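Biologist: Please take one helix of this structure and examine it closely for a first-year student. I should then like the account to be carried outward from that helix to its surroundings.

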Protein chains: 2
Amino acid sequence: MPFPKQVRLVEVSPRDGLQNEPSPIATATKLELIDRLAAAGITYIEAASFVSPKWVPQMADHREVMTGLTRRPGVTYTALTPNLKGLEAALECGVEEVAVFGAASEAFSQKNINCSVAESLARFEPVLERAKQAKVRVRGYVSCVLGCPYEGEIAPAKVADVSKALYEMGCYEVSLGDTIGVGTPLAAKRMVETVSRDIPMGKLAAHFHDTYGQALANLYAVLEEGISVIDSSVAGLGGCPYAKGASGNVASEDVVYLLNGLGIETGIDLNKLADTGTWITQAIGRPNRSKVSVALAAK
Amino acid sequence: MPFPKQVRLVEVSPRDGLQNEPSPIATATKLELIDRLAAAGITYIEAASFVSPKWVPQMADHREVMTGLTRRPGVTYTALTPNLKGLEAALECGVEEVAVFGAASEAFSQKNINCSVAESLARFEPVLERAKQAKVRVRGYVSCVLGCPYEGEIAPAKVADVSKALYEMGCYEVSLGDTIGVGTPLAAKRMVETVSRDIPMGKLAAHFHDTYGQALANLYAVLEEGISVIDSSVAGLGGCPYAKGASGNVASEDVVYLLNGLGIETGIDLNKLADTGTWITQAIGRPNRSKVSVALAAK
């Protein structure tokens, strides 16, 4: 089994982890979270989302977040930009990388972003063009890669099609999202294997949710396939909007513990990361969903 | 990867899951739990422990539990019997199978059962002898197979030694316990591989705790090795006495979900199992630690 020697963690807590929080979180708290994550050794942080505050009120301070950052060398701070308007605003804030998000499920695309998968891809084209012009890299997300809350099972070929379209459009990396956390390891392996026929394994990331408790097993399975980029959220911040009260993002601390155990380097200080999880969950009054963090604190 | 076609779940909630509960749980509740588990398709249930009530007050009603059972055909109801006195009492209750437990760690053996590993093995010999005479099968447990709260790392060879001793003494199956849930997949694989040099893989069981969130990943890894018996506890009942407030046993529902996804048969009805977890956690006022159960309920 050729496990990767190193894995890069993409920390999504400031965006994916916080975006559904009903009460406004102070910009200063978000900035402190981002800086603590960087201090713990995270090198890639999704800091904000340039969507309309009408849709995601919690991300309304995206400009303040992106311009208020203390940029540490070697750390990439990125933002979601679903359309050209969002990208222009992000560029004004000096963003050096952005992300767009498509879905592998027609029904999800319609319900989530009000357009078909094909329409969403067409909408990203000018975003990719403008980003290229501005020398800003673009990451692509694909949601529902292992199941959809409306359609159920999703064929790996469908995931491969959307991923390939994003990659060919110019996304330098495609993050494969099990948005509702329903996947299991063999399904995850098959999906990644199918997608990697069109896109080099090194250009793929696993973004697995832990709704059904399977995320770490699925990550282990795709590490066996050669995946070397993993999206996660400190303290498992971010629930599942399709199953209220259930878990969402896999906890970064638990991923780092797994990788440490496998002898895979991350450059991350697990104790500092766990402290960050303890701090932010106390700051916003949420349960800490990292089992590693709870176990370390209870020892 | 030659995954097993079928996996047998050993449900430990009535014993391992409840034994540390501080308030007495009614015998009737325990009996209902056991019967609901059997009705959900569990074929092997650890129902009680014949230890001194001085040590484990929650198991003081072991006679009432073992004689009060509604025995369903095809279901094995077993009990822990750490010594000859416990075995005799269990035999009087008509038990058809019992279990003994050793440790792979000297320090743990001393602190947990007040004797060395060698002494504990010597103590089991008359138990095995008497059980054989009574035509009662004996299962062996080994604790701390992936780490010890006092010694830290445990060499796979040490686990293999104790396992082999129990197997040669007459235990028909040896359950390998990651008592403090610190293991990760490659360590689990290596340990199982080492133990299986002396004992056929089909005679080994994985008893993994989820304290650090790694249990399902570890189970997936040892399923790849050919393990086909898994110990688990409905709703993840049973905490970790070495890290208060942290998780203990892996949740049976999450294991069944994993196995279903891998196409491995268990004969278990996941919805009935989840209902049982919901019922018992409400009955004893504990959080439901099965993510599958929480997700199903939240949908």
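Modeller: In this predicted model, the buried residues of helix H11 of chain A are covered by elements that include helix H2 (27–39), helix H10 (252–261) and helix H12 (291–298) of chain A. The residues beneath that cover are Leu270(A), Leu273(A), Ala274(A), Thr276(A), Gly277(A), Trp279(A), Ile280(A), Thr281(A) and Ile284(A). To read such a list, it helps to recall that an α-helix has 3.6 residues a turn, so residues three or four places apart point the same way. The length of H11(A) can also be checked. The helix runs over residues 270–284, and at 1.5 Å a residue its 15 residues should span 21 Å; the C-alpha atoms at its ends are 21 Å apart, so the two values agree.

One of the covering helices, H10(A), deserves attention in its own right. Eight of its 10 residues are buried, and H10(A) is therefore largely enclosed by the rest of the structure. Those buried residues are Ser252(A), Glu253(A), Asp254(A), Val255(A), Val256(A), Tyr257(A), Leu258(A) and Leu259(A). They pack against strand E1 (8–11), H9, strand E8 (229–232), H11 and H12 of chain A, and also against helix H8 (185–195) of chain B. Just after H10(A) comes Gly263(A), with a positive phi of about 75°.

A positive phi also occurs away from glycine. Most residues other than glycine have a negative phi. Asn114(A), however, has a phi near 60°, a positive value, and is placed in the loop between H5 and helix H6 (117–133) of chain A. Ala235(B) likewise has a positive phi, of about 60°, without being a glycine; its loop joins strand E8 (229–232) to helix H10 (252–261) of chain B. Are these two residues buried or exposed? Asn114(A) is exposed, because its relative accessible area is 54% and the cut-off for exposed is over 50%. Ala235(B) counts as buried, because its relative accessibility is 1% and buried means under 20%.

The contact of H10(A) with chain B leads to the relation between the chains. Chain A can be laid on chain B with an RMSD of 0.0 Å by a turn of 180° and a shift of 0.0 Å along the axis, which means that the axis is two-fold. The C-alpha of chain A nearest this axis belongs to Ala217(A), at 1.9 Å. The same surface serves both copies, since 100% of the contact residues of chain A recur in chain B.

Empty space completes the picture. The whole structure holds two cavities of 30 Å³ or more, and the largest contains about 270 Å³ of space. It is lined by 26 residues, of which Asp210(A), Lys291(A), Asp210(B), Gly213(B) and Lys291(B) are the closest to its centre. Helix H9 (215–225) of chain A and helix H9 (215–225) of chain B are the elements that give two or more residues to this lining. By class, the lining comprises nine nonpolar, nine polar and eight charged residues.

The second largest cavity holds about 40 Å³. Its lining consists of Phe101(A), Gly102(A), Ala103(A), Phe108(A), Asn112(A), Ile113(A) and Ser143(A), with strand E4 (97–103) and helix H5 (106–113) of chain A each giving two or more residues. Four of the lining residues are nonpolar, three are polar and none is charged.

Conventions. Residues numbered from 1 in each chain as written. Chains lettered and ligands numbered in written order. Predicted model: local features only at pLDDT ≥ 70, side-chain atom pairs only at ≥ 80, totals over all residues. Heavy atoms only, no water. Least-squares fit on C-alpha atoms with pLDDT ≥ 70 in both. Contact = heavy atoms within 4.5 Å. 1 Å grid on protein atoms, 1.4 Å probe; cavity = no way out; pocket = protein on both sides within 12 Å on 5 of 7 lines; lining within 4 Å. Points joined across faces, edges and corners; volume = space filled by probe spheres on them. Helix = DSSP H or I, 4+ residues; strand = E, 2+ residues; numbered from the N terminus. Nonpolar A, V, L, I, M, F, W, Y, C, P; charged D, E, K, R; others polar. Expected span 1.5 Å × (residues − 1). Buried < 20%, exposed > 50% of the residue type's maximum accessible area, 1.4 Å probe, protein only.
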